[in-house]
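Here is a short report for a newcomer. Look over the sequence and the 3D view, then read on.

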Amino acid sequence: MGKESFLNVNVKVWRQRGPKEKGEFKTYRVEHVSTEMSFFEMMDTLNEQLINKHEEPIVFDHDCREGICGTCSLYINGRPHGIDDAITTCQLHMRKFKNEETITVEPWRSAGFPVIRDLMVDRSAFDKIQQAGGYTSINCGAAQDANAILISKVDADEAMDSASCIGCGACVAACKNGSAMLFVSAKVSQFALLPQGKVEAARRAKAMVARMDELGFGNCTNTRACEMECPKSVKISNIARLNREFIKAKLAD
Amino acid sequence: MAIEHIMDPALSRIPEGKLADKWTNYKAHQKLVNPANKRKLDIIVVGSGLAGGAAAATLGEMGFKVKCFCIQDSPRRAHSIAAQGGINAAKNYQNDGDSVYRLFYDTIKGGDYRAREANVYRLAEVSNNIIDQCVAQGVPFAREYGGTLANRSFGGAQVSRTFYAKGQTGQQLLLGAYSSLNRQIEKGNVTMYARREMLDVVLIKDKEGVERARGIICRNLVTGQLERYSAHAVVVATGGYGNAYFLSTNAMSCNGGAAIQIYHKGAMFANPCYAQIHPTCIPVHGDIQSKLTLMSESLRNDGRIWVPKKLEDAKRLQRGEIRGHQIPEEDRDYYLERRYPAFGNLVPRDVASRAAKERCDKGFGVNSTGLAVFLDFSDAIKRLGKDVVADKYGNLFQMYQKITDDNPYETPMMIYPAIHYTMGGIWVDYELMTTVKGLFCAGEANFSDHGANRLGASALMQGLADGYFVLPYTLQNYLADQIQVPRFSTDLPEFKEAEDGVRAKIEKIMAVQGSRTVDSIHKELGHIMWEHVGMGRTKAGLEEGLKKLGELRKTFWKEVYVPGEANSLNTELDKAIRLLDFIEVGELMARDALHREESCGGHFREEHQTEEGEAKRDDKNFMYVGCWKYMGEGKEPELYKEMLDYQEIKVQTRNYKS
Ligand SMILES: Cc1cc2nc3c(=O)[nH]c(=O)nc-3n(C[C@H](O)[C@H](O)[C@H](O)COP(=O)(O)OP(=O)(O)OC[C@H]3O[C@@H](n4cnc5c(N)ncnc54)[C@H](O)[C@@H]3O)c2cc1C
Ligand code: SF4
Ligand code: FES
C-alpha cells in the first residue's frame, strides 16, 4: 500500500433542498483525512460531523462503491468523477488531493438530469431511452444453443467494450450541449456488433435517438468531452456506428 | 434452548418421481392460466437484481401485469451488477467431463451436504438454458478465436464451466435482464417503481380464512411518503443480508429488511448462520472504511496464494521493511497447494478463508495489521506474458491499483477474507413459495440451493434460474387458482393497518433524538458480528454475542439520532430502518450458529474440527435445514427442522486434498 499521510481539506459543496429551490455553495472543513480513504469515506466523515451538530447530511448518490453500478456522479474540481482518469467518483481516493486544498463538489448540471436534493439528480431519462429500444426482441425460453452462432472474438470483445457503459451520465454532464449520444451509441453499438442484435439495429437506433430528442437532450457536435470524461472509456467511434445505423433507418423510411 | 419441531416433509412440495424427472414432470402437470386471465392478474416483484429483474421481465412477457420495485434510482443498478467472475453452466463445451449431474453433485458437495437435492438438480438442469437465453439477449460473453464461448475454472470444481464477460459478468447479465425488463415496460406489462423501499407485506384472508400475500407498503425514498400497492401474489427478491457485518463486499444499500418483515408475517427464516466469507478481498485499511472490495475468485485460476515460511520475514513485511517480491521462492509457503494438493488454490471459499485466517492467527500476515496474505501473479506473468494476464484480469488489476496504489503486475496483491454472501435466507418450498401463501422468495434472499457454502459463479446461476426458469412456472401454478379473484383495492383495512404499523415504527425512530449516528451503531453491530459470529465461532462467544446484540438494540432505541423529517427525502432514516432489521438478522444468525453444534461450510464451530483443523460435520444430528419461526416481539423464535434426505448422492466428508 502507498504511504499513509493525513490532510486537512475544505469541501465546497452545492446544497439545494429540492428541484425547484435555489441552491448555493457551502464550505465545510474536514481535518485529519487519511490519504488511504476514498473520496466518499471523506464525505461520510463530513456527514458524521454534520449529523453530530444536528445539521442535515449532504445527500449524494452512491451504492456499490467500486465503480460498476453507475450510481455515483459528482463534478469534483470541475471534472465529472473527479480529477483522475477512467474512474468513477467512488473510486477516487484522497491521495489525489493536497493538504489545505479546497475541493469543489457539484451535482451533474444538465437539463436532462434535474437536481433532487444537494448532489442527487434524477437520471430516469436514461431508463426511458433504453425502453425505446435497448434490447433484442426475444422472449425467455425460446433461445437456441448458445454456441449455434459463432461470433468472432474481435466482435465479441468490441461489443463488450461498448456494453461496459455503466449509465452514470458523465458524458451528458461533460457535454456543453447536454447530449446523450455516447450513452445511446454504446448500447446501439453493442447490439449492432452481435448477430443477435443486428436484425433490429437500424430500427433500434432510430427509436432510441428519437426518444433521446424527445427528452430534451442536446445534439452531438463532436467536441469529444464525453469520451474524455467517461469512466469506462467508452469510445466516440460508437457514435459513428450509431450514425451509420441511423442513416440506414432513415433510408429505409 | 429453543422449542424444536420436525417439519412435515410434505411442506417442501417436492414432486414425485426420479430426481432427473421431477422438474419435467412438474412442468408437464402444472396448472396454466390462459392469456385473457393473465391480464387480470397482478404480481408484485420486489427487487430488480438478477432474480427479481429476470422474474419481472419474464412474467411480463407471459402477459401478467407486473409491478417491480427497487431501492436504486434505476433497476440496472441492483447489486447483482457488481458480480465479477462468472456464471456456471453444465454445457460441457470444453469436453472435460461436465454434465448436469456433475454440476448438481459439485453444488451439493460444495454446500457441505446441507442443500435440498431436488432444488439443486433443477438448478443444474436449467443452467444451460440460462446461457442460451443470455446469448440471445446479446450478452457479450468472452469468446475464443474460433467464435465459441470461452470458459474459466472456479473453486470447488475440476471442470471449466464458468462463463464470463471480462470481470463484469454480473453487470452484463443484469443489463441483459434489464433490457428484457425495459421491453416489457415499454409494452406496458411491467410498471417500474424505482427509489422505493418495501417496509411491509400485506396479508389478506381469503374466503376459506387462509392468509395470502396481497400487497406491500413502500416508502418512496424521494418524497418520504408511504405508498400502498396490491397484487395477487408477491415475490421478494431483495438479495442478501451480509451488511449486518457493516463491512462486506455488498453494496451500501443491500439489506435484510424485506426478509425480516416477511419473517415477522409468518415466512420462516432458514439457516441464517450460513454466511460466506470470501477469501480474496482487499484488506481493511482503517476505522472509517465504508465497504470492502472483492477481488474475483477467477484470480485464483492464475494467482498463487502464499505467506512467508519464516516468521521473521513476516515481521519485516508487517513493519514495511521489505516487500513481497523480495522474498525468495524457497522461503514462500504456498499453503493451499501444500494442504490441498488436489484442488490447490481452487479449494472452495470457506476452506480458503479459514486457511488464510489460520496463517494470520499464527503471525504470518503480510501487511501492517498482520491481516493479509499474498495473491501472486508473477508465475502467471512469466508463463503467459503480461498481455495475456492483462487481457484476462486487466480491470481487476486496475481496480486494485486505484484502491491500494500498488501495482499487482510488479508486487503481489494483498488480500484477506471478508463477508460476501449469505446462503441462509427465507425458507421456500420447491415452488419457491414461503410458508405464507402467495409470497415467493427468489435469488440470494431465499435459502435454497447452496447449503452451507456456495460455490463461486453459482449465485448468478441461481438468481437467473429462479427468475427466468422457475418462478414463471410455479407462480403460474399458484395463480391458476386465483383467476376468480378480482384486483384488490388498497383502501382495504389490511393495507391501512400495515401502513399504520410502518408509520408508528418510523415515528418511534424519529422520536429517539439521541446522540449517536446510525453508522456509529451499525459499526458497533459489525464488530460484534465479526468477533462473535464470524469465521471461527464458539459457544461462549456466541452467547456473549447474543447478549451484546440485545444491548445494542437497547442502545439503538435510546441513543440513535436521525436528523430531518420522516415525510421527506431522508437518507439517515433509510439507514436507521435497515439497521434495526440488521440487529434482528444478527440475533437470528447468532442463535442459529449457537444451536448448530457442528462445523459445516461457512459455519465453523471451533469445538468441532478435526486434528488438522478441518470442519467436522455431524450428519447424525444436524442433517437438516434449520428454519426459524417468529413468535412475536421479545419472544424466542421456534425451530422447525426440514430433514434432508439424500437419495441420489452418497453423503461423504468433503475432501479437497486428493
Ligand atoms: C462483489 C461481488 C461479486 C460477486 N461475484 C459473483 C460472481 O462472480 N458469480 C456469482 O455467481 N455470484 C457473485 N456474487 C453474488 C451475486 O452477485 C449475488 O448473490 C446475486 O447477484 C444476488 O442477486 P439477487 O437478484 O438475489 O439480489 P440483488 O442483485 O442484490 O438485488 C436485490 C434487489 O432488491 C432490491 N431491494 C432490496 N431491498 C428492498 C426493499 N426493501 N424494497 C425494495 N427493493 C429492495 C434492490 O434494490 C435490488 O434491486 C458476487 C457478489 C458480490 C458482492
Ligand atoms: S458512456 Fe460513459 S460517461 Fe456516458 S453513461 Fe456510459 S459510462 Fe457514463
Ligand atoms: S457507487 Fe457504484 S459506480 Fe460509484
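Helices (H or I, at least four residues) and strands (E, at least two) are DSSP runs, numbered from the N terminus. This is a predicted model: local features need pLDDT of at least 70, side-chain atom pairs count only at pLDDT 80 or more, and totals for chains, interfaces and linings use all residues. Residues are numbered from 1 along each chain as its sequence is written, while chains are lettered from A and ligands numbered from 1 in the order in which they are written.

**Ligand 1**

A residue is near a molecule if its C-beta atom, placed from the backbone, lies within 6 Å of it. Ligand 1 is surrounded by 46 residues. The closest are Gly47(B), Gly49(B), Gly85(B), Gly239(B) and Gly443(B). Several elements of chain B each supply at least two residues of this shell: helices H3 (50-62), H6 (169-187), H7 (257-264) and H13 (459-479), and strands E7 (196-205) and E16 (413-422).

**Ligand 2**

Around ligand 2 there are 14 residues. Here the closest are Cys165(A), Cys168(A), Ala170(A), Cys171(A) and Cys230(A). Helix H4 (170-174) and H5 of chain A give two or more residues each to the shell. H5(A) provides the largest share, three residues.

**Where the chains meet**

Two residues are in contact if their C-beta atoms, placed from the backbone, lie within 7 Å. By that rule, 67 residues of chain A touch 63 residues of chain B. On the chain A side, elements supplying at least two residues include helix H2 (124-131), helix H3 (153-163) and strand E6 (115-117). Helix H1 (39-52) is another. H1(A) gives the most to this side, with seven residues.

**Domains of chain B**

Domain bounds come from an automatic or database domain assignment. Chain B is divided into domain 1 (279-419) and domain 2 (493-623). Their centres, taken over C-alpha atoms, are separated by 31 Å. The contact takes six residues from domain 1 and five residues from domain 2. Helix H10 (residues 349-361) of chain B gives the most to the domain 1 side, with five residues.

**Residue classes**

Ala, Val, Leu, Ile, Met, Phe, Trp, Tyr, Cys and Pro count as nonpolar, Asp, Glu, Lys and Arg as charged, and the others, Gly among them, as polar.

| Set of residues | Residues by class |
|---|---|
| Shell around ligand 1 | 20 nonpolar, 23 polar, three charged residues |
| Shell around ligand 2 | 11 nonpolar, two polar, one charged residue |
| Side of chain A that touches chain B | 26 nonpolar, 25 polar, 16 charged residues |
| Side of domain 1 of chain B that touches domain 2 of chain B | one nonpolar, one polar, four charged residues |
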